[in-house]
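Trainee: I should like to work through this model with you, step by step. May we begin once it is on display?

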Amino acid sequence: FPLRVTEMWMVLKTTVLSLTHNSARPVTAAGFMKSPMIPLLWMFSRSVKMSGPLFVVGVVLLLSTVVLTVYVYIIPHYVERSYVLLTLYLVVGHWLLINIVFHYYKGVVTKPGAPPKMSDIHERPLRRHWKICYKCMQLKAPRTHHCSICKRCVLNMDHHCPWINNCVGHFTHRYFFLFCAYMTLGACFVVWINWNVFSELFFKDKKIPRSTNNALYVEDNNWLQRKLVIPVTLLCGAVTCALGSLMLWHAYLISLGQTSIEVHINRQEEKYYRQKGFVYFNPHDYGIRKNWELFLGLVNGRGWRHVLWPSSHRPVGNGLEWDMSSYVGERSKGRHSSWSNGLPYAHKPPSTYI
């Protein structure tokens with residue numbers, strides 16, 4: 001009996017430790033506390049991964065519904081009002097639509113980027129600041145993080161977006177942000193041009209004058225108009241607020257040279273170095289203007305044409321190696337800094353390598 005109890009204890013102990021320990025990461029209190037959440041996190045990751053294609057189909061259907069509603073019920077309304085406004089709205093609307101479709105498609109199909117595998121280490125020497133991911137046991141370049149949904153490490157990862165069924169990483173971040181920007185402008189634009197028709201249907205409950213020469217004209221169309229125009233306008237208003245807030249948050253992070261993951265890590269760094277009497281500066285912050293130029297790829301002669309119109313140019317760098325900011329060094333003159341001989345992370349705590 002005592003031997004049986006000992007065996008059961010060893011099995012239980014090994015089972016618990018297996019959830020919190022491997023050769024690349026020792027047992028920690030934080031890891032032990034997270035172990036009961038692992039099954040829930042696994043279920044969440046699996047559900048997001050499986051529902052990803054449904055999110056993409058949903059975006060396509062909603063976008064198609066909005067475009068169809070504008071063509072059927074809004075454009076004929078401006079035919080009778082002003083051809084100048086109609087022409088202006090058609091040009092602006094199609095410009096926004098082209099950018100929305102292009103950046104969404106590229107965000108869905110473009111691979112975010114992954115570090116080389118162990119078998120390729122002879123082709124690219126292991127850099128001093130590279131680590132080993134304790135989840136997938138592969139090389140982990142600076143600014144690389146593991147995606148529990150895609151089951152891989154992603155270069156310069158920001159987050160996993162279910163709406164594009166893809167990770168927002170080094171090669172997809174620009175497409176994602178510009179999609180959010182153009183989608184916000186497009187939703188706001190639809191609310192603007194829909195407002196007259198929406199107000200007539202929603203507040204006054206009157207039929208909108210329609211040209212009988214229009215091939216899509218239906219005599220008794222007030223019910224169908226109400227079922228399409230009102231929900232579409234309200235939806236676009238909600239998208240403007242929600243997606244606009246997300247876009248502004250990412251614009252703020254881009255201005256500081258950070259991602260959604262790094263903003264939390266840098267806060268830990270600031271707290272850690274403050275306790276040590278140092279001031280921590282983000283080594284990837286090159287100044288607001290330079291940060292935006294690098295993010296949008298406005299180098300080597302590229303200009304705003306590559307932002308205002310669809311462009312498939314690749315981001316600056318390969319996502320594996322990053323230059324340290326001299327802008328940070330200039331800001332740290334005369335102050336205690338965590339930099340030593342131009343190298344950041346002189347006293348970086350191991351717990352931040354996640």
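The exchange below concerns the predicted model shown above.

Trainee: How many helices and strands does the protein chain have?
Mentor: The model is predicted, and local features are considered at pLDDT of at least 70. Buried residues account for 40% of the 354 residues in the chain. The secondary structure of the protein chain consists of 10 helices and 6 strands.

Trainee: Among contacts between residues at least 6 apart in sequence, what percentage join residues at least 24 apart?
Mentor: A contact here requires heavy atoms within 4.5 Å. For pairs at least 6 apart in the protein chain, the share joining residues at least 24 apart is 67%.

Trainee: Is Thr 172 buried or exposed?
Mentor: Thr 172 lies in the loop between strand S6 (166–168) and helix H5 (173–204). Beyond its neighbours within four places in sequence, its contacts include Gly 107, Thr 110, Lys 111 and Pro 112. Because its relative accessible area is 0%, Thr 172 is buried.

Trainee: Which residue offers a backbone oxygen to the side chain of Thr 172?
Mentor: Asn 166 and Cys 167 are both among the contacts of Thr 172 outside its neighbours within four places in sequence. The side chain of Thr 172 reaches a backbone oxygen at 2.8 Å, and that oxygen belongs to Cys 167.

Trainee: What distance separates the end C-alpha atoms of helix H7?
Mentor: Helix H7 covers residues 262–275, and its 14 residues, at 1.5 Å each, should span 20 Å. The separation of the end C-alpha atoms agrees with that expectation, so the value is 20 Å.

Trainee: What arc do the buried residues of H7 cover around the axis?
Mentor: The buried residues of H7 are Glu 262, Val 263, Ile 265, Asn 266, Glu 269 and Tyr 273. They lie on the same side of H7 because they cover an arc of only 155 degrees. On the other side of H7, Lys 271, Arg 274 and Gln 275 are exposed. The arc of the buried residues is thus 155 degrees.

Trainee: Which helix supplies the largest share of the largest nonpolar core?
Mentor: The largest nonpolar core has 44 residues, and Ile 74, Phe 177 and Ile 193 have the most contacts inside it. Helices H3 (38–79), H4 (83–109), H5, H6 (222–255) and H8 (288–296) each contribute at least two residues to this core. The largest share, 15 residues, comes from H5.

Trainee: How many residues does the other core, apart from this one, have?
Mentor: Among its members are Cys 147, Ile 149, Val 154 and Cys 167. This other core lies apart from the largest one, and its size is 7 residues.

Note on methods: Residues are numbered from 1 along each chain as its sequence is written. This is a predicted model: local features need pLDDT of at least 70, side-chain atom pairs count only at pLDDT 80 or more; totals for chains, interfaces and linings use all residues. Side-chain values use heavy atoms; hydrogens and water are left out. Helices (H or I, at least four residues) and strands (E, at least two) are DSSP runs, numbered from the N terminus. Buried means under 20% relative accessible area, exposed over 50%, partly exposed in between (1.4 Å probe, protein chains only). A polar contact is a pair of N or O atoms within 3.5 Å; within protein, one must be able to donate a hydrogen and the other to accept it, and residues adjacent in sequence count only if both atoms are side-chain atoms. The expected span of a helix is 1.5 Å times one less than its number of residues. The arc is that of the directions from the helix axis to the C-beta atoms. A nonpolar core is a set of buried Ala, Val, Leu, Ile, Met, Phe, Trp, Tyr and Cys residues joined through side-chain atoms within 4.5 Å.
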